[in-house]
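Here's a quick walk through one protein chain, written for someone who'd rather be at the bench. Have the sequence and the model open as you read.

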Amino acid sequence: MKGKPCEDHCILQHSNRICLVTLADTHPILQSGRTIKSINYQISNGCSRLNNKVSGKSKRGGQFLTDFAPLCRITCTDETEYTIYSCIRGRLLEVNESILETPTLLLEKV
């Protein structure tokens with residue numbers, strides 16, 4: 001992604017066109033056995049993915065994302081930082097706030 005080798009993402013698409021962005025099995029966080037220290041949804045001073053509010057049946061008000069829009073930043077215990085990108089154009093409906101309290105959820109495979 002963005003010229004960085006092996007930082008792959010996986011996009012799961014439902015028949016209703018809702019997409020879920022996850023880490024691919026080949027991502028360094030999953031391959032190297034790293035431990036996640038923190039996850040930050042604050043992209044810039046004026047943009048936080050946690051402030052995303054949608055309403056109504058058609059989910060109006062979601063933040064618009066481009067192919068290379070950052071979703072979050074993951075920091076590991078060895079201080080390496082990875083930026084997770086949206087990879088597709090669309091609107092952000094929600095983020096997984098559970099991984100803020102339990103970052104190891106990203107390492108689990110269901």
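Contact here means heavy atoms within 4.5 Å. This is a predicted model, so keep in mind that local features need pLDDT of at least 70, side-chain atom pairs count only at pLDDT 80 or more, and totals for chains, interfaces and linings use all residues. Residues are numbered from 1 along each chain as its sequence is written, and side-chain values use heavy atoms, with hydrogens and water left out.

**Ile-74 and Ile-36**

Let's start inside. Leaving aside neighbours within four places in sequence, Ile-74 is in contact with Ile-29, Ile-36, Ser-38, Ile-39, Thr-80, Glu-81, Tyr-82, Ile-84 and Leu-106. One of those partners, Ile-36, lies in strand β3 (strands are DSSP runs of E, at least two residues, and helices are runs of H or I, at least four, numbered from the N terminus). Ile-36 is buried, at 8% relative accessible area; buried means under 20%, exposed over 50%, and partly exposed in between, with a 1.4 Å probe and protein chains only. With the same four-place neighbours set aside, the contacts of Ile-36 include Ile-29, Ile-74, Pro-103 and Leu-107. Its C-alpha atom is 6.1 Å from that of Thr-75, although 39 residues separate Ile-36 and Thr-75 along the chain.

**The core**

A nonpolar core is a set of buried Ala, Val, Leu, Ile, Met, Phe, Trp, Tyr and Cys residues joined through side-chain atoms within 4.5 Å. The largest one has 16 residues, and Ile-29, Ile-39, Tyr-41, Cys-72 and Ile-74 touch the most other members. Strands β3, β7 and β8 are the elements that each give two or more residues to this core, and β7 gives the most, with four.

**The sheet**

Which order do the strands take in the open three-stranded sheet? The order is β3-β7-β8, with antiparallel pairing. Two strands count as paired if DSSP finds at least two bridges between them. Strands β3 and β8 sit at the edges, each pairing on one side only. On average, neighbouring strands of this sheet are turned by 20° against each other, direction ignored (axes are lines fitted to C-alpha atoms, for helices over the stretch in contact, and angles run from 0 to 180 degrees between N-to-C directions). Between β7 and β8 there are five bridges, in the antiparallel sense. Arg-73, for instance, has Thr-83 in β8 as its bridge partner.

**Salt bridges**

A salt bridge is a side-chain nitrogen of Lys or Arg within 4 Å of a carboxyl oxygen of Asp or Glu. The whole structure has two of them:

| Pair | N to O distance |
|---|---|
| Arg-34 and Asp-78 | 3.1 Å |
| Glu-79 and Lys-37 | 2.7 Å |

Glu-79 lies in the loop between β7 and β8 and Lys-37 in strand β3, so their bridge ties together parts 42 residues apart in sequence. Arg-34 and Asp-78 are 44 residues apart, with Arg-34 in the loop between α1 (28-31) and β3 (36-40) and Asp-78 in the loop between β7 (70-76) and β8 (81-85). Glu-79 is exposed at 52% relative accessibility, while Lys-37 is partly exposed at 44%.

**Cysteines**

How many disulfides are there? Zero, taking a disulfide as a pair of cysteine sulfur atoms within 2.5 Å. For Cys-10, the nearest cysteine sulfur belongs to Cys-87, 9.6 Å away. For Cys-76, the nearest is that of Cys-72, at 11 Å. Cys-10 is partly exposed, at 27% relative accessibility, whereas Cys-76 is buried at 0%.
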